[in-house]
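Here are my notes for your reading of this model. Keep the structure open and look up each residue as it comes up.

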Amino acid sequence: MSRLIDISQYHNQGSVEGYVVDTKREQLGNFFTSNGISKEVANKYLHKFRNIAILKNMQVSQKGKGIGRKLFDQFIDQAYDEGAEAIFLVADVSEKNDFDLIQWYERYGFEKIAKTSNSDYLMLLHEE
């Protein structure tokens, strides 16, 4: 059975939106294509995992209060609870932040795996 499960989290000062998807679903290919990820890179991960989570968007109105970390932790936990074997996100490096967004994701264990067509980074978190 092909699955698509919304795993969005909301807080009065922020939100995180994403989903868990079966890698056979069209949405996953569209995610890679829309971000300018090569078919070679996409196929590698489409065949490696059965279910993956995709973080679509994360917004926090007051930075430095731990809200983003809380929302992100909840997102990761729920993604794995829903059967995700890996989590993908696009780190928007053009976004203005008071901190290094790439390093923030890397502290969670995400690794850069490809550059997008917008010069952002496709990042991956998975447990070996």
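1. Start with Gln62, which is partly exposed at a relative accessible area of 36%. The terms have cut-offs: buried is under 20% relative accessible area, exposed is over 50%, and partly exposed is in between, using a 1.4 Å probe and protein chains only. Gln62 sits in the loop between β4 (51-60) and α3 (67-81). Setting aside residues up to four places away in sequence, Gln62 touches Gln13 and Ile67. Contact here means heavy atoms within 4.5 Å. How far apart are the C-alpha atoms of Gln62 and Arg25? They are separated by 36 Å, with the two positions 37 residues apart along the chain.

2. A word on the source. This is a predicted model, in which local features need pLDDT of at least 70 and side-chain atom pairs count only at pLDDT 80 or more, while totals for chains, interfaces and linings use all residues. Residues are numbered from 1 along each chain as its sequence is written, and side-chain values use heavy atoms, with hydrogens and water left out.

3. Now the overall fold. The chain has four helices and seven strands. Their order along the sequence is β-β-β-α-α-β-α-β-α-β-β. Helices (H or I, at least four residues) and strands (E, at least two) are DSSP runs, numbered from the N terminus.

4. Next, the dimensions. A compact globule with 128 residues would have a radius of gyration near 14 Å, and the chain agrees, with 14 Å. That radius is taken over C-alpha atoms, and the globule rule is 2.2 Å times the number of residues to the power 0.38. Along the principal axes, the C-alpha atoms fill a box of roughly 40 × 30 × 25 Å.

5. What share of the 128 residues is buried? The figure is 41%. Look also at the contacts with a separation of 6 or more: residues 24 or more positions apart account for 65% of them.

6. Then the surface and the charges. The chain exposes about 7500 Å², and carbon and sulfur atoms supply 42% of that area. Areas come from the Shrake-Rupley method with a 1.4 Å probe; for residues, only the protein chains shown count as cover. There are 16 positive and 19 negative side chains, and the centres of the two sets lie 2 Å apart. Lys and Arg count as positive, Asp and Glu as negative; His and the chain ends are not counted. Each charge is placed at NZ of Lys, CZ of Arg, CG of Asp or CD of Glu.

7. Turn to helix α2 (residues 39-48). Its buried residues are Val41, Ala42 and Tyr45. Why are they on the same side of α2? Because they cover an arc of only 95 degrees around the axis. The arc is that of the directions from the helix axis to the C-beta atoms. The face turned away from the buried side carries the exposed residues Lys39, Glu40, Lys44 and His47.

8. Tyr45 comes up again at Leu124, a residue of strand β7. Leu124 is buried, with a relative accessible area of 2%. Beyond four places in sequence, Leu124 touches several residues, including Tyr45, Phe49, Phe88 and Phe110. The C-alpha atoms of Leu124 and Phe88 are separated by 4.7 Å, though the two are 36 residues apart along the chain.

9. Compare two residues of helix α3. Ile76 is in this helix, and so is Asp77. Buried or partly exposed? Ile76 counts as buried at 9% relative accessibility, whereas Asp77 counts as partly exposed at 48%. Leaving aside neighbours within four places, Ile76 is in contact with Ile87, Tyr108, Phe110 and Leu125. Asp77 and Ile7 are 70 residues apart in sequence but 10.0 Å apart in space, C-alpha to C-alpha.

10. Finish in the loop between β6 (111-115) and β7 (121-126), which holds Thr116. Thr116 is buried, with a relative accessible area of 7%. Its contacts, not counting residues up to four places away, are Asn35, Ile37, Val90, Tyr121 and Leu122. Ser119 is also in the loop between β6 and β7. Ser119 is partly exposed at 42% relative accessible area. Check its backbone: Ser119 is not a glycine, yet has a positive phi of about 65 degrees.
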